[in-house]
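The exercises below concern the structure shown next. Please keep the sequence and the model in view while working through each solution.

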Amino acid sequence: MPANGGSTVACASAITTPTPPAVNDNCGNAITPTYVGESSTPACEGTVVYTWNYADCEGNNHDWTYTYTIEYEPFTDPTDAGSTVACAALAVTPTLPTVTDNCGNTLTPTGPVMGGTYTTCEGTITYTYTYTDCEGNTNDWMYTYTIEREDFTMPANGGSTVACASAITTPTPPAVNDNCGNAITPTY
């Protein structure tokens, strides 16, 4: 009997039924193998074994197997993304990219883990998601919001005419909000 065969594939979809080798009996007559079957395909990594049985006219028989070893390869790291917004309230949960493993299966991420440098005015807010395939290969995808406050609009300056200096009183400053709608307390 020839040696058993085998190969390593990255995805179960790459498995095809192998061709059993030509085998002759001890007298040189070709033996037609009988297909015995194949093992079940694992959900992720593992092996699939195809088996044929060779039997001569006297009843001597041997199995020949071909073993596929499925070894998932790492998948492509999704490209991080980001944008600049004027207010932290605009830093909403981003739309996630579609990420597939090396075999084309769509992966569902975990997260987000939030981070960044934003405190109360400007900085960054990050959303990090982790994609993991069935074998445990992982890649992170990060979306970074850069908070860059825009200038706010001031109301027109005020004034009035009085007949006497004694009629002057401290005016009440107008209510002013920053570009994100937050009230600004004026300094006198």
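**Exercise 1: The sheet with β10**

Ser83 stands opposite Tyr145 in β10. This is a predicted model, in which local features need pLDDT of at least 70 and side-chain atom pairs count only at pLDDT 80 or more, while totals for chains, interfaces and linings use all residues. Residues are numbered from 1 along each chain as its sequence is written, and side-chain values use heavy atoms, with hydrogens and water left out.

Task. Describe the open sheet of four strands that has mixed pairing and includes β10.

Solution.
Step 1. Strands (E, at least two residues) are DSSP runs, numbered from the N terminus. Two of them pair if DSSP finds at least two bridges between them.
Step 2. The order of the strands in this open sheet is β7-β10-β9-β8.
Step 3. β7 and β8 each have a single partner strand and stand at the edges, so one side of each is left without a neighbour in the sheet.
Step 4. Averaged over neighbouring strands and with direction ignored, the turn of one against the other is 15 degrees; the axes behind such angles are lines fitted to C-alpha atoms, and angles run from 0 to 180 degrees between N-to-C directions.
Step 5. Five bridges pair β7 with β10 in the parallel sense. β8 and β9 run antiparallel and are joined by four bridges, and Gly115 has Thr126 in β9 as its bridge partner.

**Exercise 2: Strand β8 and the loops beside it**

Task. Determine how many residues of β8 are buried, and classify Asn105 and Thr119 by accessibility.

Solution.
Step 1. Buried means under 20% relative accessible area, exposed means over 50%, and partly exposed lies in between (1.4 Å probe, protein chains only).
Step 2. Among the six residues of β8 the count of buried residues is zero, and the strand is hardly covered.
Step 3. Pro112 belongs to strand β8 (residues 110-115). The peptide bond leading from Gly111 to Pro112 is cis, with omega near 15 degrees.
Step 4. Asn105 is found in the loop between β7 (81-85) and β8. Its relative accessibility is 39%, so Asn105 counts as partly exposed.
Step 5. Thr119 is placed in the loop between β8 and β9. Its relative accessibility is 61%, so Thr119 counts as exposed.
Step 6. Two separations complete the picture. Asn105 and Asn157 are 52 residues apart along the chain, and 63 Å separates their C-alpha atoms. For Thr119 and Gly104, 15 residues apart along the chain, the C-alpha separation is 40 Å.

**Exercise 3: The sheet with β1**

Task. State the order of the four strands in the open sheet that contains β1, and describe how they pair.

Solution.
Step 1. The order is β1-β6-β5-β4, and the pairing is mixed.
Step 2. The edge strands, each pairing on one side only, are β1 (5-9) and β4 (34-38).
Step 3. From one strand to the next, the twist averages 15 degrees.
Step 4. β1 pairs with strand β6 (residues 61-70) in the parallel sense over five bridges; the partner of Gly5 in β6 is Tyr66.
Step 5. β5 and β6 pair over ten bridges in the antiparallel sense, and Trp52 has Trp64 as its bridge partner in β6. Their hairpin has five residues between the strands, and there Gly59 takes a positive phi near 105 degrees.
Step 6. β4 and strand β5 (residues 46-55) run antiparallel, joined by four bridges. Gly37 faces Thr51 in β5.

**Exercise 4: Aromatic rings**

Task. How many aromatic pairs does the structure hold, and which class fits the pair of Tyr127 and Tyr145?

Solution.
Step 1. Rings of Phe, Tyr and Trp (its six-membered ring) pair if their centres lie within 6.5 Å; planes under 30 degrees apart count as stacked, over 60 as edge-to-face and the rest as tilted.
Step 2. The structure holds ten such pairs.
Step 3. The ring centres of Tyr127 and Tyr145 are 6.1 Å apart and the planes stand at 75 degrees, so the pair is edge-to-face.
Step 4. Tyr127 lies in strand β9 (residues 123-132) and Tyr145 in strand β10 (residues 138-147), so the pair ties together parts that are 18 residues apart in sequence. Both Tyr127 and Tyr145 are buried.
Step 5. Elsewhere, ring pairs link Tyr35, Tyr50, Trp52, Trp64, Tyr66 and Tyr68 into a cluster.
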